[in-house]
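Here are my notes on the model you sent over. I've kept them to a few numbered points, so have the viewer open while you read.

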Amino acid sequence: MVMNVRGYAAHSAESPLGLFGFTRRDPRANDVVIEILYCGVCHSDIHNVRNDWGNAKHPMVPGHEIIGRVVQVGGQVTRFKLGDHVGVGCMVDSCQHCKACGRGLEQYCENGNTLTYNDVDPHDGTPTYGGYSERIVVSDKFVVKVPDGLDLAGAAPLLCAGITTWSPLRHWKVGRGSEVAVVGLGGLGHMALKLAKALGAKVTLFSRSPGKDEDARRLGADRVVISTDPLQMAEVHGRFDLIIDTVPYVHDLNPYVDTLALDGALVLVGYLGPLDAMLNTVPLVLGRKSVAGSVIGGIAETQEMLDFCGQHGITADTETIGIQSINEAYERMLRSDVKYRFVIDMASLHV
């Protein structure tokens, strides 16, 4: 028996999102049925809806920063019970048997993970629809627990923006005494500042323009460096163990590479695509530096991040909206007119 659900969908790359009725699958033995309470709005939602990456499947119900309440569990589910507050991020399945999955790195599944929306369920071939909706049905392996006391609306962006920045911080072993820099102060950047600071690092924000000092320091930055100022950039030459670059468009990496310490890494988490500017390999070779990339995190790592946020009281800075305001929110996001993440209160879907 299928489940009738309402959500908001885009029916083409040019059309606005609007009310859409669709069906969810009958829950399997290992499934969790979640009533969605909040869903974060990620910049990638806009890219997907508007087919910027060329792989859009319409009609599309976006949303992969999902916080909700368990309302039904399959007979084989033991980790969750009715009423639990849980989260679902960017993935809802993976092959579970490749080397990456065996290491708990489902985001790098060698056979391709199944995305929360704009994908196809590998078991029954139906389209996946995301969190801009009333309910979702997800395998228990891809559901995480929300710690008690964590603000639910503020926790939603942790499922993408949070884990996207947490994963490189953990992979490159950031801790007390580490020097970390963040490029860009947006949805990803503000989470990177908070998490790096809580891990004990000394944290710097790179910004192209002045005026962000007060906000950056509130979020955890110890200093702000204007990347367009040669004197300020010279002062931090060879300083950073890790730079998390959250900028979502083409930009020159060379000025930031020069600020890496010996064995330092610059990690791209915001931009997908070719870089127009050539990368100068001299500082890489002579300083054993690296330029790398990273995407979200595995399920165990996501749970680790949520538990850490629960212990330290970390959530995203959010502006809550009703689903009826989603198209306006998209336009505001494109103007960078949000600090720092929109979150949809799904109760408004019933209005």
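1. Before anything else: this is a predicted model. I looked at the second largest pocket, and β8 is the element that gives the most to its lining, with 4 residues.

2. Which other strands help out around that pocket? β2 (18–24) and β6 (91–93) join β8 (135–139), and each of these strands supplies at least two lining residues. If you want to find the spot in the viewer, go to R25, R28, V92, D121 and V137, which lie nearest the pocket's centre.

3. The lining of the second largest pocket is made of 26 residues in total, around a space of about 450 Å³. As for its chemistry, the lining residues split into 10 polar, 9 nonpolar and 7 charged.

4. Now for enclosed space. How many cavities of 30 Å³ or more turn up in the whole structure? The search finds 1, and the volume of this largest cavity is about 100 Å³. Two elements, β5 (85–88) and α10 (299–312), give two or more residues to the lining of the largest cavity.

5. To locate the largest cavity, pick G89, C90, L159, I299 and T302: of the 13 lining residues, these lie nearest the centre. What sort of residues line the largest cavity? The count is 9 nonpolar and 4 polar, with no charged residues.

6. On to the sheet with 6 strands. The sheet is open, its pairing is parallel, and the strands run in the order β12-β11-β10-β13-β14-β15. At the edges sit β12 (223–226) and β15 (290–293), each pairing on one side only. On average, neighbouring strands here are turned by 25° against each other, ignoring direction.

7. One pair from that sheet is worth a click. Strand β10 (residues 179–183) pairs with strand β11 (residues 202–207) in the parallel sense, over 5 bridges. For a concrete place to look, A181 stands opposite T204 in β11.

8. Which strands does helix α4 lie across? Helix α4 (residues 161–171) lies across β10, β13 (240–245) and β14 (260–268), and the helix runs at about 160° to β13.

9. Helix α5 (residues 187–198) also lies on strands of this kind: the helix crosses over β10, β11 and β13. Its angle to β11 is about 165°.

Notes
Residues numbered from 1 in each chain as written. Predicted model: local features only at pLDDT ≥ 70, side-chain atom pairs only at ≥ 80, totals over all residues. Heavy atoms only, no water. 1 Å grid on protein atoms, 1.4 Å probe; cavity = no way out; pocket = protein on both sides within 12 Å on 5 of 7 lines; lining within 4 Å. Points joined across faces, edges and corners; volume = space filled by probe spheres on them. Nonpolar A, V, L, I, M, F, W, Y, C, P; charged D, E, K, R; others polar. Pairing = 2+ DSSP bridges. Axes fitted to C-alpha atoms, helices over the stretch in contact; angles between N-to-C directions. Contact = heavy atoms within 4.5 Å.
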